[in-house]
Amino acid sequence: MNTFLLIAGLLQAAGPGQGEVHFGLDAGAAAVTDVALMQLKPWYGNRFGQIEVGLQAPIRFDIAGGSLRERDWDEPSDFGRLLRFFRYSPVFQVGELASATLGNGTIVRRYHNNIDDDHRRTAARLMIDADRLQLDAFADNIFDDPIFAGRGGLAVNEFRVGFTFAADTGAPITVDGTADSAGNLRGKTDLRAMYGMDFRWIASDTPTFKGTVYGDFNALQNGNPGAHGGLLMEFPSGADMWITLRLEGMWFGDKYDWAVFDMGYLKDRWSLKWSLIEEYTTSFGARVGFDVNYRDAATFGLEYANTSNLERSDFSAWLRIPHRSVRLSGLWRRRFADPDELLVEVDEAIAAGSIGVKLGPFGWLDATMARMWRTSQLSTGNYVYEPFNEGSLILQMLFQ
């Protein structure tokens, strides 16, 4: 298990500095799907001007079975694990996609392409910011049916406008309870898409306050509409602290949902999320959230959204403290819940927590607990996605 797999966007794989060559070794033990494993991951990184390359050889050994873990290397896309990252800064990158948000986050919000690490997805992302023109686009899987998403934008003084499109080329419409030899669930699939226009107006931009008014008008699949309007307020406090507050109102038309392509989408779609959305009726909703950043050394945030029918609650919380001696990270994400179940009902939650301790010249010792979703066979013989509580204890060593 990638030590910080589910802490989407909080801890990114670091690249080597200019002219530096890095070698590393991660070694330890883990419990994955209730099986004890030994883990070993040697890796190498180098930088050549604007190009950064990282390679790795992740090995998980089943102690009781006496062999490599089968699910790690049973389909062609798994060979994407050998690529730690490839970057042509700041324009292009290949590897894992963590916490991808496009525009105001009403279509693609904190998307992660490796919620299920039994089926590795290797993404490619293009990012261009050329004066007034902006482009951010990705394919989340270059080896098989991908999710495509992209936003093109135009900036003129304090105004920003853009268009976002996202599509799942293999969205499950039905499931038949079977799986292929690599554990991929089977069912009828089709293309499912979401698209929309967005704007931003930076109404105030001073050293003590930045206020942005924004709006989105989106459509899901066959023109089912939704609209969003909000205010993003940022309060820089000197050079030490940055506080961000978001207030947003939402209107949902029939068969519409917001931020479909979010962190847990690859799990949710196998619960026939698209069929659930087909049952939604017109309603109103709101999103509120805040984020506190202290010297880029501590980040804490909360976000909550709901609609007038009180059956579509969405709550996320995250924490990151990358201290030079002790580092902490945590994540909780719950969607499609009644409000009173957001913090206590873990069956559908995505959650992870990690603590790391610096061991002087030896590197870091990291302990992680995570709520992982994987394909599992029930006693009835049917295959479904099920959550597992998994943990690891890893020594991360860096040699330069």
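User: What makes the contact between the side chains of Asp26 and Lys41 a salt bridge?

Analyst: A salt bridge requires a side-chain nitrogen of Lys or Arg within 4 Å of a carboxyl oxygen of Asp or Glu, and the side chains of Asp26 and Lys41 meet at 3.8 Å, N to O, so the pair satisfies that definition. The two residues belong to distant parts of the chain, with Asp26 in strand 1 (residues 21–32) and Lys41 in strand 2 (residues 35–48), 15 residues apart; strands here are DSSP runs of E with at least two residues, helices are runs of H or I with at least four, and both are numbered from the N terminus. This is a predicted model, in which local features need pLDDT of at least 70 and side-chain atom pairs count only at pLDDT 80 or more, while totals for chains, interfaces and linings use all residues. Residues are numbered from 1 along each chain as its sequence is written, and side-chain values use heavy atoms, with hydrogens and water left out.

User: Why is Asp26 called buried or exposed, and what about Lys41?

Analyst: Buried means under 20% relative accessible area, exposed means over 50%, and partly exposed lies in between (1.4 Å probe, protein chains only). Asp26 has a relative accessible area of 10% and is therefore buried, and Lys41, at 18%, also counts as buried.

User: How do you know which class Arg71 and Asp74 fall into?

Analyst: Arg71 has 24% relative accessibility and so counts as partly exposed, and Asp74 counts as partly exposed at 22%. These two residues form a salt bridge whose closest N and O atoms are 2.8 Å apart.

User: Why does the salt bridge of Arg109 and Glu303 tie together parts of the chain?

Analyst: The side chains of Arg109 and Glu303 meet at 2.5 Å, N to O. Arg109 lies in strand 8 and Glu303 in strand 19 (residues 298–307), so the pair joins parts that are 194 residues apart in sequence. Both Arg109 and Glu303 are buried.

User: What makes Tyr111 and Phe138 an aromatic pair, and why is the pair called stacked?

Analyst: Rings of Phe, Tyr and Trp (its six-membered ring) pair if their centres lie within 6.5 Å, and planes under 30 degrees apart count as stacked, over 60 as edge-to-face and the rest as tilted. For Tyr111 and Phe138 the values are 5.8 Å centre to centre and 10° between the planes, so the rings pair and count as stacked. Tyr111 is buried at 1% relative accessible area, and Phe138 is buried at 4%.
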